[in-house]
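These are my notebook entries on a predicted model. I set out to look up how its chains meet and how its cysteines are placed.

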Amino acid sequence: MQRTTAFGLACLALGLVSVSLLAIDGRALADEDAPTGEDELAPLVEGEERLGGPASVVVGGQNAFSYPARVLTAKERRVFAVGNAFFKDNWVMAPASAVGRDGLGPFFNARSCSGCHLRDGRGRPLEEGETASAGLLIRLGIPGEKGDLPHPIYGGQLQEYAIHGVSAEASFAIRLEALPGKYADGVPYELQAPHYEITDPAFGPLGDDVRIGARVAQQLIGLGLLEAIPEATLIALADPEDSDGDGISGRAHMVQSVRHGRPMIGRFGWKATQPTVEEQVAGAFVNDMGITSPLHRNEVVTATEAKRIEYVSGGSPEMTETKLNRVTFYSQTIAVPARRNVADPVVRRGKWVFDDIGCAACHVSELRTGDEHAIEAYRNAVIRPYTDLLLHDMGEALADQKHDGDSTPREWRTPPLWGIGLFADVSGHTRYLHDGRARNLAEAVLWHGGEGESSRDRFKRLSKRDRDALIAFLDSL
Amino acid sequence: MADKEDRSTSRLGASVLALSRAWPDLKRVPMRSIRSCLRLVVAIGVALVLFVTLVRTTPAADEADDADLRRQVVSNYAELAHAGYAQSHASAVTLQERINAFLKAPSAETLSAAKSAWIAGRQVYLRTETFRFYSGPIDRPSDGVETFVNAWPLDEAYIDAVEGDPDAGIINDPNQFPALEGDLLTILNERGGEANVAIGWHAIEFLLWGQDRDPNGPGTRPFTDFVAGKGRNADRRSAYLRAVSDLLVTHLARVAKAWEPEADNYRRAFVTAPSDDSLEKMLSGMAVLSAFEMSGERLAVPYETQDQEEEHSCFSDTTHLDFIANQAGIVAVWTGKGFGVAGVGLRDLARRVDADIAKDLDAQLAASLAATKAIPAPFDQAILGADDAPGRVALLATMEALEAQTESFAILADSLGFAIAISPGE
């Protein structure tokens, strides 16, 4: 009862009380912001725990993000295993006796995909005082006419390692700034804003017009399913002019496909800069590890750097089409762990709140795949990724300096929320958002601004009990 | 399970039928007729008795048997796991003793004694791998040790010098790592990538054997690598080897303890949990080991890449034995017999719920074991050549046999009333 009174007072003070609603239900106050039914629970939906539809598995623990989709055939599981091996194994400098895996560098961020996506999980951001990343990288650029151009000396990404005899491009360090805040009920919290500094540039100063952006490695579950969502579905979800006036105006990020040679909707990466898993993977090989492939035949070495270093190539290209296919298939078919505790009343309450305060406007809970994806079992499936794959303006606080492709620094792709409750198990941390700045799920929500501001504010006005319920729901994903 | 439910429903149906047949009689019978009344009473009585005996008593007894059997299977599994890890721990202690003896007096003989202890210990450990893959004591996130004990594949250059790079590895980097102690090496394990393995069985294997550069045999690291004044950084290499063998003992002791009887530990939770939860774990472990670990990582990868480096126990060239030991562990859970324990196995339960799949599995598990035994040594030669080379034929047959048993595990899970991470096929 006390809560109701407190609610009432708060709402009165805000002048938002709706008397008619009070008359209908004296027990729960309601306005457009606060949740209505105080005890309402989301209905249990048949199969809702199977987030990944055909790619769901009931697993937990450290390897929760390492299972192949349950629907794979025995033969496909073998391909998956081979892709996994190239994903995990370290690549080495050429020439080497391991001819299948040489060609690392000359510059690189890690020796293997798993160096950042450890156990296919979310990378950890830098801590203050640390100099080596475990899954965070820095994108670089300078202003261009339409979107950023690569940095003239250092290229599009800072590589903090190099092979023997070559100096690494630079190092970087992080400084953290505390940002205190309060929930509506007075409970205090403190966010932590990261600031990056690039140190020891080896090939000359970065210049004043350099633009930088930090990105952590994402969890790699269910990506083939995201790829299988028809473009038409995403375009239907988009509302670039906010014509329905709900304050949310997602838009598809059109990017040029290297493989298909035409504009396609970007789906992958924090800014939806890659249209397919294959292109994301080939990009990772060349940008993060210095491994060329049929899609990217040139090392990412700028003209300035090329004049000052010497290195041996591991082949032209260094990775075969077959290997690229294997790693792509692997990255497409990692299973999505099923939700836990779906029937728990607290979780169901949290799910109800999630819908009620507008989270689902971007984190779309249910989508259907189309009938064209190369993996047959992924076609025409109902999935629950909690994303619309669209770019949203998330406000100034989340913005960095980068204009990737056609996006602004404030725009981010809604990330899928499946698997976010398992980071602690898989990756041993609970860091969220594009640079890992949020130290827990509540902080992730509190950072939402821009199009996400109204739903963030409603989150801040929730009772403690409902905030906890919302977090319990996110944790069940 | 589905079968049984059907049966009890039809029993219930029969009793309801019996009752409803009695009602029309009631309507026709004049209420004064004592005989009819009696008939009615008898009919109701009979129906009630039918109802009570068929619906309540008989299925309940059935269910009690079934539940009891499930509990016994689970509790014998706990017994197997404890015996397995206790033996594995003991074999690691032997290895540790031999390594200490070797480091005290390095010679070809003491090195070879350490190597035999490694091979013996490795076989015991591999038999316990069926106890993985469900966040049990070996691999649970809180304090699991799997990545400390068994991480693989391993990038040799992360630990020590390799051909062409004499400066490589933690051992040859005294500036960054002045003291090589267990705690540090544990932190360094898998730092910066999953192949950056610093500790565990395969790290010890690499230190004892060295890189495998000989197509016909294992690695041939000279014992002098551990003799101060002869091997470069020999003292650091010795300290490293000592530290990793100590860690192995500590880690395996921890797992064995979690399975100890009569203690407030994982085992207690495992045997008191609803039996089906524990059965699901058992079957998941068997299926994931068969399909993902054995058939996938350890067979399909070297089969496709034909790359020596992808061989599981590449330094010692004992890979062919690995598959036999893995399969032996799976068979032990199936039969309930192994590690010196003899009790009720999953097979006994399978025979009760789905006799067909029990029969299939008996045959498939035997076929897989035979297939693993048919893989010719050395493994790194068996992967080479065209697809009709005898080695590759044997490898493919093993993969297929393991895949077949996996699908059956999934079908059995279905019959038992739950699902595991692999679908039971179309």
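**Entry 1: a salt bridge.** I looked up the pair R326(A) and E304(B) in this predicted model. Their side chains form a salt bridge, with N and O 2.6 Å apart. I then searched the interface of chain B and chain A, and the rule finds five salt bridges across it. For polar contacts between chain B and chain A, I noted nine residue pairs, both residues having pLDDT 80 or more.

**Entry 2: the side of chain B that touches chain A.** I looked up which helices contribute here. Both α9 (275-305) and α14 (390-416) of chain B supply at least two residues each. The most comes from α9(B), with nine residues. By residue type, I recorded 17 nonpolar, nine polar and 14 charged residues on this side of chain B.

**Entry 3: extent of the interface.** I found 33 residues of chain A in contact with 40 residues of chain B. Between them the two chains bury about 3,000 Å², of which 48% lies on carbon and sulfur atoms. Of the area that chain B buries against chain A, 19% is supplied by E194(B), E304(B) and A421(B), more than by any other three residues.

**Entry 4: cysteines.** How many disulfides does a search of the whole structure find? I obtained zero over all chains. C113(A) has its closest cysteine sulfur in C116(A), and because the two sulfurs are 8.8 Å apart, they are too far for a bond. C359(A) is likewise in no disulfide, the nearest cysteine sulfur being that of C362(A), 9.0 Å away. I also noted that C113(A) is buried, at 11% relative accessible area. C359(A) counts as buried too, at 11% relative accessibility.

Methods. Residues numbered from 1 in each chain as written. Chains lettered and ligands numbered in written order. Predicted model: local features only at pLDDT ≥ 70, side-chain atom pairs only at ≥ 80, totals over all residues. Heavy atoms only, no water. Disulfide = S-S within 2.5 Å. Buried < 20%, exposed > 50% of the residue type's maximum accessible area, 1.4 Å probe, protein only. Contact = heavy atoms within 4.5 Å. Buried area = accessible area lost by both parts, 1.4 Å probe. Salt bridge = Lys/Arg side-chain N within 4 Å of Asp/Glu carboxyl O. Polar contact = N/O pair within 3.5 Å; in protein donor to acceptor, adjacent residues only side chain to side chain. Helix = DSSP H or I, 4+ residues; strand = E, 2+ residues; numbered from the N terminus. Nonpolar A, V, L, I, M, F, W, Y, C, P; charged D, E, K, R; others polar.
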